[in-house]
Amino acid sequence: PGSAAALFKAMVPTGEPVPLYYSSDFISLDQEVSDLQASKPETRFCLLELPKDQLKSLQSGQTFAFRELSGSQVSGGGFTALCTADATFGVEFLENSNTLLLGKVTPGGDAEENKENAGDQGGTDHLQRCTVFAQCRGQLFVKPEKPDLSKVRELLRPTALSQAIRNDPKFYDFASLQHEVASSTKELSTLLSEGPFVEVDGYWRLLPERLQREVLDTALTIVTAQGWQLEAVDGKVLLEEVQKILPDGEVSVPNLAVLRKVLSGVQKSEELPKSDAETIFVLDAEKVNFSRALQILGDDPHEVRQRFQLPPPVARSAGPKRPRLAAPAQGSPLQVDEFLQVFKDLTSSDMNRESLLEMLATRAYVDEFEGTIHAMDATLLPRDPLQRLKQLFELQSHWRPERLNSLMATSLAGQKVEAWLGKHARQVYMEFTPGEEVRMMTKKFA
């Protein structure tokens, strides 16, 4: 609006009359009161309000595109996004009851009309003419929007790696994805680079979570078994070994790019010389250990016990009991001591129980009643404090205060966590070991 006003003032000097005319093809969008229940006339023009930096980019010749955000049940019925080279915006329409007219100011005009419009001011050479060619009903305004990750998954799911592909599948390169997905060019590139996607023979493919776990487990097992240095793993040799071990390995892991994407979470951030960057993997020992721990948590407990020849778990003979909040999964969950033993066998680590649980603080929780460990991703918990607390108590009924405090802290910025929990939860004392009481937090009203 500010730029438009400045432009108008530059074209039309203040205080000078400008004759106003309607073009021959002007269509009015006004309605009589008696017609308000009828369909509104379709507008051919709409004002679009843009941030200053995007307006500057548009004026410099950059191409913007309108695309549909996913989520609608029918094609074409979703929300609209405006996509630029480096940003994505949701678009909303604001209807305005004021009359908004679009006109074009040009010099000159009919001599007799100019003389009449000039009045007592004399000369007519300076007069300009404004021709109104359209009427707007409202304006569009934009707000920042995240790139449409769901749409990328939807498009790439039919051609995901390691799954049977139906006849005549549609493959997407970057240009075709850019045409289909509501995202800026820069954000789409980042999304593909950081997400579970990989480029194979010029087309982008989805990396299913199960395949990622299988490839990662196989690759790390090979590195450990071969005794290779984590700081200098030959990518080409590792790829050949992975392809040999996995069923249909050359199909599931067709190139080094797939293996690099799977191992990206356990690599060091340091940059290698350009000559080595494509073929050498520099693995981080701490990240490898963390990944191994998450793998154990994600596997079926029964299979873990069989693989590592663990004896059946012994139920606790003492301590309080309470009803389970959900039916147990196939095979009873791993005891913390079992988990620690398997972790040490896999990583040859001497990490103790406390250090291991601290490493997994945001990815696991311990059931104090049963002494078992369970997977949990704290990053997926709700931001709203009350909803977050509710979901945590749905996971288990009792929490150690220090664990609950740490999990709630991120959603209580600027507030004292202990004081807030004192209002929305209550403390109780439990005896897990005879003669030793432990303070726990539970729901305010059970």
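Let's start right where helix α8 begins: a side-chain oxygen of D234 comes to within 3.0 Å of the backbone nitrogen of K236 there. Please keep in mind as we go that this is a predicted model.

So what does α8 look like from there on? Its buried residues are G235, L238, L239, V242 and Q243. They span an arc of only 135° around the axis, so they sit on the same side of α8. The general rule behind such a pattern is familiar: an α-helix has 3.6 residues a turn, so residues three or four places apart point the same way. Now turn α8 around, and on the face away from its buried side you meet the exposed residues K236, K244 and I245. K236, then, has its backbone nitrogen within 3.0 Å of the D234 side chain, and K236 is also among the residues on that exposed face.

Which elements do the buried residues of α8 pack against? There are helices, namely α7, α9 (249–252) and α10, and there are strands, β9 (233–234) and β10 (280–281).

Let me pick out L238 for a moment. Setting aside neighbours within four places in sequence, L238 touches A219, I222, V223, W228, V233, L259, L263 and F281. There is also a second, separate core of 19 residues, and F308, L340, L356 and I373 are included in it.

Back to L238, though, and the core it belongs to. The largest nonpolar core has 26 residues, and L238, V242 and L259 are the ones with the most contacts inside it. At least two residues each come from β7 (197–200), α7 (209–226), α8 (235–245) and α10 (256–263). And which helix gives the most to this core? That is α7, with 7 residues. Notice that L238 and V242 turn up again here: both are on the list of buried residues in α8, and both are among those with the most contacts in the largest core.

Let's step back to the whole chain. The secondary structure comes to 18 helices and 14 strands. Of the 446 residues in the protein chain, 36% are buried. If you take the contacts with a separation of 6 or more, residues 24 or more positions apart account for 62% of them. The accessible surface is about 27300 Å², and carbon and sulfur atoms hold 50% of that.

On to the strands. Towards the N-terminal part of the numbering, β3 (residues 65–69) and β4 (residues 79–83) run antiparallel and are joined by 5 bridges. R67 has A81 in β4 as its bridge partner. Where does β4 go next? A hairpin of 4 residues connects β4 to β5, and 3 bridges join β4 to the antiparallel strand β5 (residues 88–107). A81 stands opposite G90 in β5, so to speak facing one partner on each strand: R67 and G90. The other pair I'd like to show you is β13 (residues 425–433) with β14 (residues 436–443), again antiparallel, with 7 bridges between them. Here Q427 stands opposite M441 in β14. The hairpin between these two strands has 2 residues, and G435 takes a positive phi near 85° in it.

I'll finish with three individual residues. R129 is in strand β6 (residues 128–144). Is R129 buried or exposed? Its relative accessibility is 25%, and R129 therefore counts as partly exposed. Its C-alpha is 5.3 Å from that of T106, and the two are 23 residues apart in sequence.

Next is S411, in the loop between α17 (401–409) and α18 (417–424). With 13% relative accessibility, S411 counts as buried. A polar atom of the S411 side chain lies 3.0 Å from the backbone oxygen of M408. Beyond its neighbours within four places in sequence, S411 is in contact with R383, P385 and R388.

Last comes L155, in helix α4 (residues 149–156). L155 is buried, at a relative accessible area of 10%. What does L155 touch, leaving aside neighbours within four places in sequence? The partners are Y172, L177, E180 and V181. As for W204, it is 49 residues from L155 in sequence, with 9.9 Å between the C-alpha atoms.

That's my tour, and I'm happy to go back to any part of it. Thanks, everyone!

Note on methods: Residues are numbered from 1 along each chain as its sequence is written. This is a predicted model: local features need pLDDT of at least 70, side-chain atom pairs count only at pLDDT 80 or more; totals for chains, interfaces and linings use all residues. Side-chain values use heavy atoms; hydrogens and water are left out. A nonpolar core is a set of buried Ala, Val, Leu, Ile, Met, Phe, Trp, Tyr and Cys residues joined through side-chain atoms within 4.5 Å. Buried means under 20% relative accessible area, exposed over 50%, partly exposed in between (1.4 Å probe, protein chains only). Contact means heavy atoms within 4.5 Å. The arc is that of the directions from the helix axis to the C-beta atoms. A polar contact is a pair of N or O atoms within 3.5 Å; within protein, one must be able to donate a hydrogen and the other to accept it, and residues adjacent in sequence count only if both atoms are side-chain atoms. Two strands pair if DSSP finds at least two bridges between them. Accessible areas come from the Shrake-Rupley method with a 1.4 Å probe; for residues, only the protein chains shown count as cover.
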